[in-house]
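Please open the model in a viewer and keep the selection panel at hand. The tour begins with the whole chain and then turns to its internal cavities.

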Amino acid sequence: MVNKDYPNIHDSSLVGFGKSHQSGELSRDELGLIAYDDEGLDVGDRLWYISQSKENPSTITVEENFNPLIDRHDGKVENHEKLLPSGKPSVRRVKDGEKPDRPGNCPENNTFLEARKIDAYIPGGYDSEVCSRCKYLHTCEFLQERKRQLKYEKMPSVHLSQISGVDVSQDVAIVEEPSISLETETKITLGVGKLIQSLHKLKRENQQAYKYYAWLIDFVVNALEDLKKAGIPKYGLTHLEFMEYLAKRVDINYGEIDSRDVIAWAFLQKHNENALHPLVNQLLYVIWVREFNYSLDGEVDPWSLPTLQEIKQEISQSLSNNWEEIFKGCQTPEAKQKAIRDFGVFNSLKYIIDGLGGKCDLSVNPSGELVIKRRNWATISTLKKFKSRIYLEKISRSDLERKTGLKDFAEIREIVPTDSFKNVKLKLVKGMGHCGKLQSWQRMRETGVNRLLAGVESLIDPTKRVGLLTYANTLFMFEPIKHLFDVTGWWFNHSRGTNIYQECDQLILHGRPTTNINEEKADFHVRTGKLADGDNEKQFWAYQHRRMLEEVKQAIGRVRAHRRPDQQIEIVLIAGDAFSEDQISDIQKDFPGMEVEVVHIAETCPQAAKKGTRTSNQMLKVMWEMVLSRW
């Protein structure tokens, strides 16, 4: 299909059916990428493997055939407990205070990371404002090895962000698990201090711009401070809730907002109609009337007035970071990092205006910080430059289109034979609630933990090799019975791209794999351009449920049951109350032959049932005994 110039190929085969393994066997010759010059040197095009775990592949074919592109780091640690398919230790970046097994290759690594905190991109290389001031510039092993690999390496494995600016127009990319390996959204969290810092820079750099725009940042800062005083909801505020909150505040310096405008704007937003936020109208009023003396019956030509886009461009120029000036006199990496913290500015005003216009998502987290989520157009642009892209993931076509921003997908999948999973039983455990993600230890009392542990222990088969998959922040609760598990992991990490459960014949799935609902709404807003409210509410919940079910299916596929037809495999889903019959049927459809058994925890472990259930059962037992005693 690549040879026939299909730009986007989606392999949506079920997890465990060899997508990654087979893609690792692909050769450049098969894809028509090999070419030789007159001297017999291979000058053909490249085959890239884009993965979140480029250095720790889960299949031997990818490990042997693709070489990781070098990246900047402060050192790496080898994990001899988690081995690669070849038996070599996996690697990860060193943590603060750790001794690395492999030394760092760039003293300026943290300088680049510090710039990313304010959504600033500083290119590396010999002409870079950072690298050119480094005393190791002309002997830099990182730059030399990267240059060599980009010139001669024909099958590199990478994170997509590593190849921004590289010419890949004739190359082919294999994208493993695009839903997690493609960073097509960027999230920035800003406290009040960062917002005020950008206000001060605007005042220093452009007094005229400060005069007309400062009130807007000040307005948002005051709104955040008042929210903290009043008390922020448990999950924070969504984009629409925060926009409505801003619109209702009328204590600004330039007139008042008509409450009818707020109602009309909110109504239109919920019904997918474009409408300027009342604060944008106020901003335009301030600029047009105060600076250009515009009035309906005046002499000013309305076509000469600046547009919202032109206003943002002026702001961006005023708040841009002049790295040459910021790094002046900086001789060490630490000095550059301090200069970024002291003088580097995040262009908050641009994103506030974009958020008011619906072009990015502005929400408030439970800590009262402003959370900006936007499309990462640089990543999407790099992805588009490839001649062809092959995506490997069991994901719906519509969700893949939203994630990548691309269209025209040719879908392929391996047909799953009937009864391939007749050796698998899905045990759906009811009576233990939804088992949602634990936000804090205080929310779950000791009695609740004891009930959970008792229930899980009663379901474990001691004759089997048992795996546990739970949330990252609830794994600690299973410490008292940790000895009962052969393998443990957590959702959104070990439920994808790992083979640690492939020898388990009982897998305990604790909880329903969802993230913070406001985060989900922000993702939906950024990817679709629609708010997850009003006319789009049903569409959002369908999207959210698909993501949840895809994660469950990924987890079930980790045991590779179809490769062990003579072994009986049991999947225990401890969140049965959270799944509808239609959702269970959807799961069962992807695993033909799989048996589903519904179990109520009160029947297998009464002490694990909810207090109300235990009381009801005890009353029924007493009543039944009284009836029997009269016979």
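Among the contacts in the chain with a separation of 6 or more, 74% join residues 24 or more positions apart. This is a predicted model. With the whole chain selected and shown as a cartoon, 22 helices and 19 strands can be followed. Of the 631 residues in the chain, 49% are buried. Switching to a surface view shows what the chain exposes, about 31900 Å², with carbon and sulfur atoms supplying 49% of that area.

Next, look inside. The structure holds two cavities of 30 Å³ or more.

For the largest cavity, select Thr238, His239, Leu240, Asp361, Asn518, Lys521, Ala522, His525, Leu531, Ala532 and Asp533, which form its lining. They enclose about 70 Å³ of space. Colour α8 (239–248) and α18 (517–528), the elements that each give two or more residues to this lining. Which of the elements gives the most to the lining of the largest cavity? It is α18, with four residues. Colouring the lining of the largest cavity by residue type separates four nonpolar, four polar and three charged residues.

Then clear the selection and move to the second largest cavity. Its lining consists of Tyr49, Ser51, Ser53, Lys54, Pro57, Val62, Ser157 and Glu176. About 40 Å³ of space lies within the second largest cavity. By residue type, the lining of this second largest cavity comprises three nonpolar, three polar and two charged residues.

Notes
Residues are numbered from 1 along each chain as its sequence is written. This is a predicted model: local features need pLDDT of at least 70, side-chain atom pairs count only at pLDDT 80 or more; totals for chains, interfaces and linings use all residues. Side-chain values use heavy atoms; hydrogens and water are left out. On a 1 Å grid over the protein atoms alone, a cavity is a set of points where a 1.4 Å probe fits but cannot get out, and a pocket is an open set with protein on both sides within 12 Å along at least five of seven lines; lining residues have an atom within 4 Å of a point. Grid points are joined across faces, edges and corners, and a volume is the space filled by probe spheres set on the points. Ala, Val, Leu, Ile, Met, Phe, Trp, Tyr, Cys and Pro count as nonpolar, Asp, Glu, Lys and Arg as charged, and the others, Gly among them, as polar. Buried means under 20% relative accessible area, exposed over 50%, partly exposed in between (1.4 Å probe, protein chains only). Contact means heavy atoms within 4.5 Å. Accessible areas come from the Shrake-Rupley method with a 1.4 Å probe; for residues, only the protein chains shown count as cover.
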